[in-house]
Amino acid sequence: MAEIPKAYEPQSVEEKWYAFWLRENCFVADPRSSKPPYSIVIPPPNVTGVLHMGHVLNNTIQDVLARKARMDGKEVLWLPGTDHAGIATQAVVEKSLRKQGLMKHREDIGREKFIEHAWAWKEKHGGIIIQQLKKLGCSCDWTRERFTMDPAYSRCVQRVFVDLYKKGLIYRGKRMVNWDPAAQTALSDEEVEMVEEKGHLWHLKYPLLDDKGQLRPDQFVIVATTRPETMLGDEAVAVSPTDPRYTNLIGQRCLLPLQNKPLPIIADEFVDPKFGTGCVKVTPAHDPNDYSMGQRHNLPLTVVIGPNGVMTREAGEDFDGLDRMEARKAVVEELTEQGLLLKTEGYVHSVGYSERTHVPIEPYLSEQWFLKYPSVEPSTNAVEEGRIAFHPERWTKTYSHWMHKIKDWCISRQLWWGHRVPVWRKAIPAMHALDLDKVPRLESGDTQFVESRYGRGCVEVVHNEPGVAGTGYRGGTHYVCVPPLDPAEEQEVLKWLQADGFTQDTDVLDTWFSSWLWPFATMGWPEQTETLKKFYPTTDLVTAPEIIFFWVARMIMAGYEYMGDLPFRNVYFTGIIRDKIGRKMSKSLGNSPDPLELISKYGADAVRFGTMRSAPLGQDVMFDEKDVELGRNFCNKLWNACRFRQMQGGEVQGEIDPKLLTSDDKWILLKLDQAIREITGAFAEYRFNEATQVLYRFFWSEYCDWYVEASKAVLSSSAQDPTRPSTPHAADGSPSPFRQGEGAEGERVGVRGSLEMGLRANTLAVLDFVLSHTLRLFHPFLPFITEELWHGMGYHGDMPADQGGKTIMFAPWPKSLDQDFRDHYALDDSHLKAVDKKYELVGQGRNLRREGNVPANKKVRFVFKPSGELSAHDAEVLKLLLNAEALEISSDYQPPKGTPSVHSELGELYLPMEGLRDVEAERARLKKELEKMETEIIRVEQKLSNPNFTSKAPPHVLEEHRQRLAEWQAKRDRVKAALDQLS
């Protein structure tokens, strides 16, 4: 057994053991194993990504689950990979190419060349986050790493598209979509982040027109809008049909300012009479609700904002070419100049932003590919009926609400990086003579699937554009959907299509259209591979609640549609990482630490433990670097505790003799049992921060602060028979009866040496028993240091290779102490209560020192009047823990007046103060302290009673002041009690 170094150096330990785990294939899953399976798929980080604190939290939880499952004897597959991140990657590559001067717009170099650059960027930068996850200690099966644009994975995506297309669930249509003007692509509702902003509500005056189209003098309808630039595309003004203020105006017309265009005044039930003035401008091409009104009232669609966020020619000569925000200013200025701006009000409202490019989105009319979701009913039922459990459970309602009001998914994106839509198409001119044997003539607006002439598995669809009633067919579009084919066959099919005048759709699929297949496409689907059979469905999913619709719900639907089963059994939703005052972390605020810097400074284990300890189930995480510092201190404590045990020498993991167990030994064994039960229970309920808190309490407080210190009473040369009663010390300081005896006691002196050796060996065996269990309890959270200490302490020596002999990773998870064990070692809860009382008395005695202003390192004499029998061992432990020069046991002690004392169930403890202090000087010191405390109490009370402060201060500041007041009041009461004692 090698000597454990004095100081723990995490960097060298982490590098050594991670290399060992990889070399020994410790993370590699064996689908042929007879062990029960445990599987978890990593939420694939963006290939553009670098590690942030959200990744640290999410992946630490996954690693904790995977390592715990291995210790439970399961065959574990933690499957890693990255996502191609369509919008984000394209934006990064475009920025890089512009910086290099290779292009101004991607059209300058063309699609094929751009894709080459994107792949080159991916190969150079795409693996950064994977290497960072390894630094964190993630035990993924890296031999199975996947990328959503790997050839095999891409074939899965293509196969699913063709299948859904053939089922009629994928269709192309013109709809109002969320449009990202920066990326110039459509977005789904889930990719839009609503941000509350302080904006304005402009009240505009639209002049009324008479029957002849002439202006009515000084008569207007007033409309209120947050987006005055869109008025340039207005096609009507709408009022509520039940609003008596405007009933007389329905059917009349008003003039659209700046465009000088007459607008009808219409009645529509959508209008809320209580919003603004009760009159609403209707812009069908730039608002989803207005679009619906436009459809109901057959209004024209005038597009005044283009796909790049720039005003179009239809916006008018004065505004054509202006950015939409510039146009807003220009419109307001022009209306003001013409006297048509009634007023401007401050207005707080939610504005939709692109989650990727962080620019305000535009509602935009666009032709896109849509998906009617498959397997909705079984996917809804799986969560509502508990077959898939959400942790915390409250997210079930959110999921259920979305599933019951689900809308078709816009799956196309106007990008180049991604899975290109596998559809080829060509326009069919009006009255085109089709081969009616192959393609039947369609009625107006109809769609027909036809037998494909282009190869195995191809799907052909002919869509007829609606014709004028009575005129029949007026042209349409012929689509051919191509499935994944062998390279030679695919080349042949594409050659035929090009020869027939077809071109491939230019759109790519939404990134989530590939990610929703992740649990089974990563395991070799559609082939029934050994991996898929063994590990699907997966066990757990760890993810953020903000992608419950993006990803979780869609994976469940894909699982039922293509595997006929749920994709996972449990979903753990993490909270948002915030700074210590509650702000969401962001680069702009400068409050987002670099995890790699934290790992370099404190070690990976410290970062993991500190983060997990501050992460309650389902709640946001208030991150403070002090938590990581605490994690480092904890690692040092664990290191030093193991080093202390090693320095005692003796047999490693010797046998425990029940007859030689002290009350402290029994207490720590029972506390270990309690900790195992609590930690195992916390794991079962996914309450990981509670597990870390129990570990902290047990190891730092119960084991290190109490048991290890108490064990020194045995490990020192003055070890006592734990069963022998104590003998009162002589008040005059004569030799302690713990050193020598008379009569029957003297006969025991001859065997004292062998007794001490037996007690010492037994205590060392208890220390080893507790430490070996504790290291295993810690391993999922602190993998590196526990592996180092597991080997350094020699605990691996007698273990089978696959059960802890090679690595602690496969050591069995500690089991609670069963009744046979408790009976054999005479463990019952009475020992817990008795030793708790003893340690409580020690705490009270230490307080006597502090309140008496006696330095902690100064040796003092205590006197104890026991209320019952006290063993020699317990008396020695009290003396040791009180740091007493002497502990006099006296049942008839009469303390001098003013002697500090405490009362406990075990008896009275006194601290004679003769020679320890100057009473007058101590009284003066306490009075001075009391004055200071009273001043502080008055100051805080005045602040908390000031309405100007309490109404403006953030909640956390108010709570800090209340805690400060309580602390000062408690200190004041203690000082007063000390002064009374002096008197």
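The following questions and answers go through selected features of a predicted model.

Residues are numbered from 1 along each chain as its sequence is written, and side-chain values use heavy atoms, with hydrogens and water left out. In this predicted model, local features need pLDDT of at least 70 and side-chain atom pairs count only at pLDDT 80 or more, while totals for chains, interfaces and linings use all residues.

Student: How many salt bridges does a search of the whole structure find?
Tutor: A salt bridge here is a side-chain nitrogen of Lys or Arg within 4 Å of a carboxyl oxygen of Asp or Glu. The search covers the whole structure. Its count of salt bridges is 55.

Student: How many residues apart are glutamate 788 and lysine 16?
Tutor: Their side chains meet in a salt bridge, 2.7 Å from N to O. The pair links distant parts of the chain: glutamate 788 is in helix α23 (residues 783-792) and lysine 16 is in helix α1 (residues 10-23). Helices are DSSP runs of H or I with at least four residues, strands are runs of E with at least two, and both are numbered from the N terminus. The separation is 772 residues.

Student: Is glutamate 788 buried or exposed?
Tutor: Buried means under 20% relative accessible area, exposed means over 50%, and partly exposed lies in between (1.4 Å probe, protein chains only). Lysine 16 has 43% relative accessibility, so lysine 16 counts as partly exposed. Glutamate 788 has 15%, and therefore counts as buried.

Student: Which glutamate meets lysine 806 in a salt bridge?
Tutor: The N to O distance of this bridge is 3.8 Å. Lysine 806 sits in the loop between α23 and α24 (819-824), and its partner is in the loop between α1 and β1 (37-41), 782 residues apart. Lysine 806 is partly exposed because its relative accessibility is 29%. The partner, partly exposed at 31%, is glutamate 24.

Student: Which helix holds glutamate 702, the partner of lysine 671?
Tutor: The closest N and O atoms of this salt bridge are 3.7 Å apart. Lysine 671 lies in helix α19 (residues 663-684), and the pair ties together parts that are 31 residues apart in sequence. Lysine 671 is buried at 10% relative accessibility, and glutamate 702 is buried at 7%. The helix of glutamate 702 (residues 688-715) is α20.

Student: Which residues are linked in a network of salt bridges?
Tutor: The network contains two arginines, along with acidic partners. Its members are Arg172, Glu367, Arg425, Asp505 and Asp507.

Student: How many residues of helix α17 are buried?
Tutor: Helix α17 spans residues 604-613 and is mostly covered. Among the buried residues are Asp605, Arg608 and Phe609. Of its 10 residues, the number buried is nine.

Student: What length does helix α18 reach from its first C-alpha to its last?
Tutor: Helix α18 (residues 625-647) has 23 residues. The expected span is 1.5 Å times one less than the number of residues. That gives an expected 33 Å, and the model comes close to it. The helix reaches 33 Å.

Student: What is the phi of glycine 649?
Tutor: Glycine 649 follows α18. Its phi is positive, near 70°.

Student: What is the phi of aspartate 218?
Tutor: Most residues other than glycine have a negative phi. Aspartate 218, in strand β8 (residues 215-225), has a positive value. Aspartate 218 counts as exposed because its relative accessibility is 73%. Its phi is near 55°.

Student: Where does alanine 826 lie?
Tutor: Alanine 826 has a positive phi of about 50° although it is not a glycine. With a relative accessible area of 38%, alanine 826 is partly exposed. Its place is in the loop between α24 and α25 (829-851).

Student: What is the omega of the peptide bond joining tryptophan 525 and proline 526?
Tutor: Most peptide bonds are trans. The bond from histidine 391 to proline 392 is cis, with omega near 0°. Proline 526 lies in the loop between α13 (518-521) and α14 (530-535). Its bond with tryptophan 525 is also cis, and omega is about 15°.

Student: How far apart in space are leucine 906 and aspartate 829?
Tutor: Leucine 906 lies in the loop between β30 (901-904) and β31 (907-910). Aspartate 829 is 77 residues away in sequence. From C-alpha to C-alpha, the distance is 17 Å.
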